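Dear colleague,

Here is the structure I promised to pass on to you. Please look through it first, and then read the notes below on the ligand and on the empty space.

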Amino acid sequence: MDVNSVEPRLSAPDKVMSNYGLSTHEYFLEKIISTIKKQQSEEAFYVLDLGVVINLMDTWKHNLPMVQPFYAVKCNPHPDLLATLVAQGSSFDCASWSEIESILALGVSPDRIIYANPCKACSHIKYAAAVGVNLTTFDSVDEVHKIRKLHPECSLLIRIKAPDESGSRWPMSSKYGALPEEVPKLLQAAQTKGLKVVGVSFHIGSKSHNYQAYKTAIQAAKAVFQEADRLCMPPMHVLNIGGGFVSDALCFEAAASAVKTAVDKYFSKEERQNLTMMAEPGRFFAETAFTLATNIIGKRVRGEVRHYWINEGFHGSMMRVDRTALVESCISLKCMSNNSSDDNEKNPGIVVCGKGVGGARTYSSIVFGPTCDPIDKVLEGHQLPELEVNDWLVFQNMGAYTSSCSNKFNGFGAAKITYLTD
Ligand code: PLP
């Protein structure tokens, strides 16, 4: 991915008219507008605000000081995001050979990596063994056999199904996590093969607003610790509480509080002293740090309805983004040069358009992505002001499972340029 940095302080905008009461966004919008002017091309781009990431790490350390974050690389592997997280002391959750390789290339020691994929290809396990990544997850007997053969020194966490995934936008348990009745057999299989099962991991589903889910999952994890004792295995000491966190301050505090309450309830003081707690947050660090600016590349007027095409979409950054989140975060920017007869206008004034506040006429609009796939629809029935080709639609909170989930259908892919802000 190309990474172009702009000067940390973007110059004061010469013509920002926030005419619909968007003042709280002004500073942020100034950055986007200055960048559009600076770029002088229609290409969609991201703005990555590293300050957001640093603040979120402070928030994490304040609320969950006893839980070491292993950032889930899959969520967004942008090199500047990863480098910032390395500098902030994060560890990393990698799901493949290539993710492990990219984190090691940043100078991260292998003991700051968990290979958190319960079902791994043999060649990837061999690679993990060769580079000294010695912690992984499993939830099947077949995985035990592979690890015994290819990486017997590896410590294991048994991944269990979180009992309650309600309230999560992206549940995981239909694919991963041992059922309670499967746990004894899995532990025995590892024990028989002489492998070290050092703890338990779970994931309550991504983007969860059900904090009680952490409580029931920690209770279930404790039951697995007890089962290991019953089987006379060496005592477990690692509790991996996975991801699911969102970065909204109140939600995160509530989730952190649920985690702390549950650990206090289900683990005795003595057990807590020996407990190593870790988590695999992805969305928490990545989501709000990225903003996506897209250019309107096509328009059709159909009666009272407006159809727009933008140069990003389902196959680029938006496959795994809720449509409601896109609606809530969408801001329209009108380029004044669109009304100018001078096609060579190089420094257009840009107007921030609200959602019809202040009497501006809006139209029910459909916004399509650039590919020929009919599923490539970004917004439908959303009210937008009258926009023209070459105006911009900006989407905030576009860092989680966006560019990392893109494909090259029709030769497009996700926005390639990322500008950094201070
Ligand atoms: N850990 C594992 C094993 C995952 O599969 C995922 C997401 O798919 C994460 C962590 C990150 O989850 P989140 O982005 O909800 O924090």
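By class, the shell around the ligand is made up of five nonpolar, five polar and five charged residues, where Ala, Val, Leu, Ile, Met, Phe, Trp, Tyr, Cys and Pro count as nonpolar, Asp, Glu, Lys and Arg as charged, and the others, Gly among them, as polar. Please keep in mind that this is a predicted model, in which local features need pLDDT of at least 70 and side-chain atom pairs count only at pLDDT 80 or more, while totals for chains, interfaces and linings use all residues. Residues are numbered from 1 along each chain as its sequence is written, and side-chain values use heavy atoms, with hydrogens and water left out.

The ligand is surrounded by 15 residues (each with a heavy atom within 4 Å of it), and the closest are His203, Ser206, Glu280, Gly282 and Tyr401. Among the pairs of N or O atoms within 3.5 Å, an oxygen atom of the ligand lies 2.5 Å from an N or O atom in the side chain of Tyr401, and a nitrogen atom of the ligand is 3.1 Å from a polar side-chain atom of Asp93. Taken alone, the ligand exposes 400 Å², of which the protein buries 92%, as computed by the Shrake-Rupley method with a 1.4 Å probe.

With kind regards

Definitions and conventions
Polar contact = N/O pair within 3.5 Å; in protein donor to acceptor, adjacent residues only side chain to side chain.
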